[in-house]
Amino acid sequence: MALPGAVALPLLLLLLSGAAGCGHQSCSPTRPDMLNVHLVPHSHDDVGWLKTVDQYYYGVRNRDQHAGVQYILDSVVAQLATNPSRRFVYAEVAFLARWWRQQDQATRRLVRELVQEGRLELVGGGWCMSDEAAAHYGAALEQMALGRRFLRRLFGACGMPRVAWQIDPFGHARELAATFAQGSYPTCTTPPRGCAGTSSAPTPLWWTATAPSATWTPWSPPSWRRRPPRSCRGDGGPGSPRAGYPKIPVPWDGCCGCPCPPGVGSPGVLGCPRAPGRGPEPCPPPQARQYRTNHILMTMGSDFHYENAHLWFKNLDKLIAHANARQANGSRVHALYSTPSCYLWELHRANLTWPLKTDDFFPYSDGPHQFWTGFFSSRPAFKGYERLSSGFLQICSQLEALAGPSARDGPYGPGDSSVLREAVAVAQHHDAVAGTERQHVADDYARQLAKGWDSCQVLVANALSILGGTKEPFIFCNALNISVCPLSETTPHFTVILYNPLAWGVTWPVRLPVRATSYAVTDPQGQPVASQVVPVSGVTRWLRGDTGGAPGELLFQAWAPPLGFSTFEVKQLSPGAPWDPPRWPSGDPEPKLENEHLRIRFDPITGHLLEIQNLAKGFSLPVFQSFYWDGLGKEVISRFETPLRTAGHFYTDSNGRQVLERRRDFRPTWNLSQSEPVAGNYYPVNTRIFIKDEKVQLTVLTDRSQGGSSILDGSLELMVHRRLLKDDNRGLGEPLDEPGADGRGLVVRGRHLVLLDTAAAAADQHRPRAQEMVTSPSVVLAPGPGPHLRWFSGLQRALPPSLHLLTVEPRGARAVLLRLEHLFELGESRNGSRPLSVDLTTLFSAFTITSVQEMALGGDIPLHSVSRLLWNTATGTPKPRPLARLDPRRVTLEPMQIRTFLASVRYEGLGEGLGGP
């Protein structure tokens, strides 16, 4: 999706040295005495937006948008081969991988040669160009690693991206910058033109993040994606099928104000009139005045360009030749084919000092009343499904690693995690999880995820069979959100298996549809577990329609060990009986919920929250919660109002990890003139939002990405649903109106977890609780007594709640990729923010680690091979950090640090050996 008037420059972060022939060794010569204009040919190929992934790749449904990615890649490769000076950059590995599988050996050899010589530069490296507002850092990292692994396998060191290329997301997150930095490569990103309160000439700066190994991120001023005025269009002008999307590059404003080169500006080619009476000097780009060096970058391309690469490159060749020929007449402009990494290399050689930026680039706007903040909550059903799918992918991957290679071909058939892995990766695209795609495209994203679930459920069943010692069938109830599960509804005796993907033990509420009124539940040791059967609510009955008929739901609290499962046997005690609706205890004028930790009071008439009492710490806070919506379409918010004195301050997470302080009607790096007091103060909330005063903090955790704010002091709000009646004129061509399958409107069920604690201790609650919301336990059913093994943990011991096993992923038959992360930020918790150490060699029970190699965050290259450029900043020049010798018996993590390891493992019956990344 192209932003209107958007910036096409990506920002440049750390440079990874490549083999001879690629990297800066392959850069075109520059002129130190001239203005060097780096022309970067590229095509931005959305992995779904107006068309599905398949439709974009094959070039069908062109009435919606003319785009065929297979033809773009065919054409570009052929044209690069004809002229060694030409360059092209490409980002979307999901398309490249599909195209590669269809090529013959001669074409593959040619592509490898182009990559090795630096003529085709692969940028970004992710399976897609991920969103930065609604994507969780774990899923964004997974899609980045998936793409980089593919490139590494095909092209070696020269195929590894040296630039992270985020040219189209609608704003930029600090956590994603940290992810790119730790992933060993530079990044290009810049606030889109038109950000409220900014000038069109922002100052170049560096972007810093809190993770120890993500120190600096350089940022550069904008080079606009070329959308020339009508007289300069190469598409036939207004009224043509491609109006506004030029197929011919117009890299200078000068082509419609200065003399145009022969054959480039002649009528019928660009439709560009010559400018009589103008001097012979070509007009250098006006952006040059806003750059700090004699190097400027101009991106040549846009959405799905270069299907006719001959047309593009022929005219770019002419343009470069014409501009450089004028040097004989005194011109000081030097044009050249280039890439982002070559441009970055020149910035580094300039040896300048860069200012720092510590916040993010949200919210984006392209006009005083046009803030791009609604998409933080758009398509809440898909946002929830994506989050569930990402969590289930971790469960699938973990069980595949714990059970060993046999899980891929077990008693229930062939299982495969790659289908879900690729579907989740595609879902991170900035027109997927963002919710900015057309309805049929959103449906296709959901279809891909569902297909991945099917394949992973076979693998999970195989793994549970191996670990649990049974070949009885396992049942996955995918419709529990509407209280439908045929096994629990029809079977008087069944077993619940609760799998916990976290590295510490959890308790989890289980809720199953049943027909009887009384059941006995026993834990893995055969001890009784308290349970209750309650009537299915009227709303749930309405939602499920004819798909289920259970009148009641069985509720009990289950628990599971770290990285393992527990089984709970359920037996029916009595047949069905008449159902009575639940009532508040007689004589209780005010409903409340209470345990040993909390007491919650509710309004007896509306049922709304009134007060939360923290019994353990002896304080309370009036909290009034209600729902509000507007009358233009429907944008529904849940608002919590308190007497806390917050002075306009509130806090949101960055992609579920770092926490950023927000201040109403304020931006840290420029003077804001606020034009929209609501939309202009909304921020992405991936997992949490909170307000606090000096003593008390109220935190709300979300189960999916949503938009949130604090519009009034002492309040916080989250947009939980939205449905629009008109198109927003941003290219989609249809309103965001989700009527649902029955046309009555899409109903979405979600969960907010509300925490009240002291400000000093709040992080000890919201950090691990948020992780439980993201990678929540999974329920699997089996008829009868279930697995022979009633309890299993893949760990020898639990990790503390401040350490998280972010990744446990098999890499071949004898290797496992591990990522450990410290969940806490520096200084936010007295105990949780301390450095922690873990012994990897004795951590796991399912396999034995025989050797370990530390990797960069992407898991594709050894950490010791990462080479970073050192940049001068306002606080000095960072020194390279020597790598300490790795001792797998004592791996230490600092606050907010993620460390990645490739471990050679031995399963029983398998020999040793290290698998490849």
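In this predicted model, Glu 400 touches several residues from other parts of the sequence: leaving aside its neighbours within four places, it is in contact with Ala 407, Arg 408, Ser 417, Leu 459 and Pro 810. One of these partners, Ser 417, is joined to Glu 400 by a polar contact of 3.0 Å between the two side chains. Glu 400 itself belongs to helix 9, which covers residues 380-403. Its relative accessible area is 6%, and because buried means under 20%, Glu 400 counts as buried.

Helix 5 offers a pleasant check on helix geometry. This helix holds 19 residues, 137-155, and at 1.5 Å a residue it should span 27 Å; its end C-alpha atoms lie 26 Å apart, so the model agrees with the expectation. Helix 5 is also mostly covered, with 16 of its 19 residues buried. Just after the helix comes Gly 156, whose phi is positive, near 70°.

At the surface, Val 539, Trp 542 and Val 747 make a nonpolar patch of about 280 Å². Of these residues, Val 539 lies in helix 13, which runs through residues 538-544.

Stepping back to the whole protein, the secondary structure comprises 14 helices and 43 strands. Of the 917 residues, 60% are buried. The accessible surface comes to about 34300 Å², and carbon and sulfur atoms account for 53% of that area. Contacts often reach along the chain: among those between residues at least 6 apart in sequence, 75% join residues at least 24 apart.

Definitions and conventions:
Residues numbered from 1 in each chain as written. Predicted model: local features only at pLDDT ≥ 70, side-chain atom pairs only at ≥ 80, totals over all residues. Heavy atoms only, no water. Patch = residues over 30% accessible without salt bridge, like charges linked within 9 Å, V, L, I, M, F, W, Y side chains within 5 Å. Areas by Shrake-Rupley, 256 points an atom, 1.4 Å probe, with all protein chains shown as cover. Salt bridge = Lys/Arg side-chain N within 4 Å of Asp/Glu carboxyl O. Helix = DSSP H or I, 4+ residues; strand = E, 2+ residues; numbered from the N terminus. Buried < 20%, exposed > 50% of the residue type's maximum accessible area, 1.4 Å probe, protein only. Contact = heavy atoms within 4.5 Å. Expected span 1.5 Å × (residues − 1). Polar contact = N/O pair within 3.5 Å; in protein donor to acceptor, adjacent residues only side chain to side chain.
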